[in-house]
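This note addresses a single protein model and is arranged as numbered points. Please read it alongside the sequence and the coordinates.

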Amino acid sequence: MSGSEDEGVWQYCSNSAVRRAARQLGQLYDDAMGDSGLRGTQFSLLSQIAQSGAPTQKELAEAMVMDLSALGHTLKPLIRDGLVQLVPDEKDRRAKRVQLTEAGLARQREMVIRWQDAQARFDKVFGKARSEELRRTLAFIASKDFAKAFSGEDKG
């Protein structure tokens, strides 16, 4: 390979293309988060917790398409920094619910402004309609239905 952006495995492999684009976009959004001390992935996690209320760890992992150990690893610095807390589920004491602390909710709200700026820049460069279509496409790829069909479980 010559190293050209037009040459590479991503030209033939959907997984490589999506991962490559995700790394680039992740870096751009991380830069947009500025000196907040949070990465884009952490902001996404805080936002999902805020949107979900107080999901169980399992529910949060499923929503984020993560395994529980990866979720635990990602939550550690947020717990350490007092942005997130784990509390026992009232109905099932074995299950832990993930909640934003007051500091976590404040940080998430503060970060929304930076995210909105990054999102507006993305929409401007990529196009608002294409951006919406991209999110719909990626949501389908991240769905359980897609995973079932891909793995051959859905042989209907």
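1. Lysine 144 counts as exposed, at 61% relative accessibility; the classes used here are buried for under 20% relative accessible area, exposed for over 50%, and partly exposed in between (1.4 Å probe, protein chains only). The model is predicted, so local features need pLDDT of at least 70 and side-chain atom pairs count only at pLDDT 80 or more, whereas totals for chains, interfaces and linings use all residues. Residues are numbered from 1 along each chain as its sequence is written, and side-chain values use heavy atoms, with hydrogens and water left out.

2. Lysine 144 forms a salt bridge with glutamate 62, with 3.9 Å between the closest N and O atoms; the term denotes a side-chain nitrogen of Lys or Arg within 4 Å of a carboxyl oxygen of Asp or Glu. This pair links distant parts of the chain, since glutamate 62 belongs to helix H3 and lysine 144 to helix H7 (residues 144-151), 82 residues apart. Helices (H or I, at least four residues) and strands (E, at least two) are DSSP runs numbered from the N terminus. Glutamate 62 is partly exposed, at 42% relative accessible area.

3. By the same rule, the count of salt bridges comes to 10. One of them joins lysine 128 to glutamate 132, at 3.7 Å from N to O. These two residues are separated by about one helical turn because they stand 4 residues apart in helix H6. Lysine 128 is exposed at 52% relative accessibility, while glutamate 132 is partly exposed at 31%. Elsewhere, Glu59, Asp89 and Arg97 are joined into one network by salt bridges that share partners.

4. Within that network, arginine 97 pairs with aspartate 89, the closest N and O atoms lying 2.5 Å apart. Which of these two residues is buried, and which partly exposed? Aspartate 89 is buried, with a relative accessible area of 8%, and arginine 97 is partly exposed, with 26%.

5. The largest nonpolar core has 16 residues, and Leu45, Leu46, Ile49, Leu75, Leu78 and Val84 have the most contacts inside it. Such a core is a set of buried Ala, Val, Leu, Ile, Met, Phe, Trp, Tyr and Cys residues joined through side-chain atoms within 4.5 Å. Two or more residues are given to this core by each of helix H2 (40-52), helix H3 (57-64), helix H4 (68-80) and strand E2 (96-100). H2 supplies the largest share, 4 residues. In soluble globular proteins, nonpolar side chains tend to be buried together.

6. Leaving aside neighbours within four places in sequence, leucine 45 is in contact (heavy atoms within 4.5 Å) with Leu60, Met64, Leu71, Thr74, Leu75 and Leu78. Glutamine 42, in helix H2, is buried with a relative accessible area of 12%. With the same neighbours set aside, glutamine 42 is in contact with Gly37, Pro77 and Leu78. Its side chain also reaches the backbone nitrogen of arginine 39 at 2.9 Å.

7. On the surface, Val18, Leu138, Phe140 and Ile141 form a nonpolar patch with about 340 Å² of accessible area together. Nonpolar patches are made of residues with over 30% relative accessible area and no salt bridge, their side chains (Val, Leu, Ile, Met, Phe, Trp, Tyr) being joined within 5 Å; accessible areas come from the Shrake-Rupley method with a 1.4 Å probe. Helix H6 (residues 128-141) provides the largest share of the patch, 3 residues. Valine 18 is found in helix H1 (residues 14-32) and is partly exposed at 43% relative accessibility.

Key
Patch = residues over 30% accessible without salt bridge, like charges linked within 9 Å, V, L, I, M, F, W, Y side chains within 5 Å. Polar contact = N/O pair within 3.5 Å; in protein donor to acceptor, adjacent residues only side chain to side chain.
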